[in-house]
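Please open the model in a viewer and keep the sequence panel visible alongside it. The tour below proceeds by selection, each stop stating what to pick and what is found there.

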Amino acid sequence: MPTPKKGPRLGGSPSHQRRLLSNLAASLFEHDSIRTTDAKAKALRPYAEKLITKAKDGSLAKRREVLAKVPNKPAVARLFDELAPQFEGRDGGYTRIIKLENRVGDNAPMSQISLVLEPVEKKDSRSERVAASKAADEDAKSNEPAEETQADPEAEAAAETDAAAEAAAGEADADSEEK
């Protein structure tokens with residue numbers, strides 16, 4: 001049997017804390033985002049993420065396990081039917097907590113906990129990046145000309161005189177600004 005949580009609980013008793021987290025999770029699944037206190041948001045995060053992991057499985061047994069913890073049929077149906085397919089590519093981190101301003105009445109620290117519904121971008125593994133860079137280097141080498149051509153000496157001389165003229169013009173502008 002697991003050791004019960006020591007210290008202060010949300011709501012006072014263990015049963016009240018379970019109901020509180022159940023209702024918060026149901027609201028989160030219905031609305032995708034809820035505002036609550038920091039302590040409740042931090043307690044809700046692992047609770048909700050475990051339920052989402054079970055929902056990703058999609059079996060009837062997992063649905064019944066989630067319904068035992070969150071006895072809100074519309075919320076659980078939305079979790080399994082709409083939300084779980086959106087989390088297929090994500091291995092964890094289904095929720096995010098954003099700190100908000102303190103509550104006006106009692107100055108309690110508030111947070112917004114929301115579901116992360118953005119699609120996950122697949123990251124390339126290091127070996128794939130190395131292979132891609134080697135292929136790019138080989139392509140660059142194959143596209144280079146086999147023989148280097150001689151540069152035209154007249155074109156080089158013209159480029160040097162243009163650069164010198166621009167430098168002289170820049171110095172003249174700097175002198176006129178000092179006056």
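**First stop: helices α1 and α4**

The model is a predicted one. Begin by selecting helix α1 and helix α4, whose crossing is left-handed. The residues that form this contact are Ala26, Phe29 and Glu30 on α1, and Ala75, Arg78, Leu79 and Leu83 on α4. Sorted by class, five residues of the contact are nonpolar, two are charged and none is polar.

To set the view, note that α1 covers residues 14-31 and α4 covers residues 73-86. Their axes come within 9 Å and cross at roughly 45°. The two helices are therefore oblique to each other.

**Second stop: helices α1 and α2**

Keep α1 displayed and add helix α2, residues 38-57. At what angle do α1 and α2 pack? The angle is about 70°, and the axes lie 9 Å apart. The pair is therefore roughly perpendicular, and α1 passes α2 in a right-handed crossing.

Next, show the side chains on both faces of this contact. On α1, select Arg18, Leu20, Leu21, Ser22, Leu24, Ala25, Leu28 and Phe29. Opposite them on α2 are Lys40, Ala43, Leu44, Tyr47, Ala48, Leu51 and Ile52. By class, the contact of α1 with α2 comprises 12 nonpolar residues, two charged residues and one polar residue.

**Third stop: Phe80 in helix α4**

Return to helix α4 and select Phe80, which is placed in that helix. Is Phe80 buried or exposed? With a relative accessibility of 7%, Phe80 counts as buried, because the cut-off for buried is under 20%.

Display the surroundings of Phe80. Setting aside neighbours within four places in sequence, its contacts are Lys54, Ala55, Gly58, Ser59, Lys62, Arg63, Val66 and Pro85. For Arg63, draw a C-alpha to C-alpha distance to Phe80: the value is 7.6 Å, across a sequence separation of 17 residues.

**Fourth stop: strand β3**

Move to strand β3, residues 110-115, and select Ser114 within it. Ser114 has a relative accessibility of 8% and so counts as buried. Beyond its neighbours within four places in sequence, Ser114 is in contact with Leu28, Asp32, Ser33, Tyr94, Thr95 and Arg96. Leu28 has already appeared in this tour, among the α1 residues that meet α2.

Then select Met110, also found in strand β3. Met110 is buried, at a relative accessible area of 7%. Which residues touch Met110, apart from neighbours within four places in sequence? They are Arg35, Thr36, Thr37, Asp38, Lys99, Leu100, Glu101, Asn102 and Arg103. Label the C-alpha atoms of Met110 and Arg35: the two residues are 75 positions apart in sequence and 7.0 Å apart in space.

**Last stop: the whole chain**

Finally, clear the selection and colour the chain by secondary structure. The chain has six helices and three strands, arranged along the sequence as α-β-α-α-α-β-β-α-α. Of its 179 residues, 23% are buried. Among contacts with a separation of 6 or more, 56% join residues 24 or more positions apart. With a surface representation switched on, the accessible surface comes to about 13000 Å², and carbon and sulfur atoms account for 51% of it.

Methods:
Residues numbered from 1 in each chain as written. Predicted model: local features only at pLDDT ≥ 70, side-chain atom pairs only at ≥ 80, totals over all residues. Heavy atoms only, no water. Helix = DSSP H or I, 4+ residues; strand = E, 2+ residues; numbered from the N terminus. Buried < 20%, exposed > 50% of the residue type's maximum accessible area, 1.4 Å probe, protein only. Contact = heavy atoms within 4.5 Å. Areas by Shrake-Rupley, 256 points an atom, 1.4 Å probe, with all protein chains shown as cover. Axes fitted to C-alpha atoms, helices over the stretch in contact; angles between N-to-C directions. Parallel < 35°, antiparallel > 145°, perpendicular 65-115°, else oblique. Left-handed = near helix turned anticlockwise from the far one by under 90°. Nonpolar A, V, L, I, M, F, W, Y, C, P; charged D, E, K, R; others polar.
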